[in-house]
Amino acid sequence: METWYYRVESIDGDYANLKRTDIESDDLKLVARALLPAEIYEGCQLKYEYFQYEIIG
């Protein structure tokens, strides 16, 4: 299973825009907040592994 790293770029209602930080990419991924930890905030770092997001910083 791969591990991917993201930064929360923005939060817009029930969705958050995530940007990959482990590779060069300008793309944003729109993710429902129900799939993310409740404690997320703009700028926090996330790890995605085994179909789950975890705050790492």
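Is Asp-26 buried or exposed? In this predicted model, Asp-26 has a relative accessible area of 70%. The cut-off for an exposed residue is over 50%, so Asp-26 counts as exposed. Its side chain meets that of Lys-19 in a salt bridge. The N to O distance is 3.7 Å.

The salt bridges in the structure number 5. One of them joins Asp-22 to Arg-20. The closest N and O atoms of this pair lie 2.8 Å apart. Asp-22 is partly exposed, at a relative accessible area of 35%. Arg-20 has a relative accessible area of 18%. A residue is buried under 20%, so Arg-20 is classed as buried. The bridge of Asp-22 and Arg-20 thus has a partly exposed acid and a buried base.

A further salt bridge is formed by the side chains of Glu-49 and Lys-47, at 3.5 Å from N to O. Glu-49 is partly exposed, with 24% relative accessible area. Both residues belong to a network of salt bridges that also takes in Glu-54.

Aromatic side chains give a second set of contacts. The structure contains 3 aromatic pairs. In one of them, the ring centres of Tyr-6 and Tyr-53 are 6.1 Å apart. The planes of these rings meet at 55 degrees, so the pair is tilted. This pair connects distant parts of the chain. Tyr-6 belongs to strand S1, residues 4-12. Tyr-53 belongs to strand S5, residues 52-55. The two tyrosines are 47 residues apart.

Both partners are shielded. Tyr-6 is buried, at 2% relative accessibility. Tyr-53 is buried as well, with a relative accessible area of 12%. Tyr-53 also pairs with Tyr-48. Here the centres are 4.6 Å apart and the planes stand at 45 degrees. This pair, too, is tilted. Tyr-48 has a relative accessible area of 16%, so this residue is buried.

The aromatic contacts extend to a tryptophan. Trp-4, Tyr-6, Tyr-48 and Tyr-53 make up one aromatic cluster. Three members of the cluster, Tyr-6, Tyr-53 and Tyr-48, are buried. Tyr-48 has a charged neighbour in addition to its aromatic partner. The charged end of Lys-29 sits over the Tyr-48 ring. Its distance from the ring centre is 5.2 Å.

How values were computed
Residues numbered from 1 in each chain as written. Predicted model: local features only at pLDDT ≥ 70, side-chain atom pairs only at ≥ 80, totals over all residues. Heavy atoms only, no water. Phe/Tyr/Trp six-rings, centres within 6.5 Å; stacked < 30°, edge-to-face > 60°. Helix = DSSP H or I, 4+ residues; strand = E, 2+ residues; numbered from the N terminus. Buried < 20%, exposed > 50% of the residue type's maximum accessible area, 1.4 Å probe, protein only. Lys NZ or Arg CZ within 6 Å of the ring centre and 35° of its normal. Salt bridge = Lys/Arg side-chain N within 4 Å of Asp/Glu carboxyl O.
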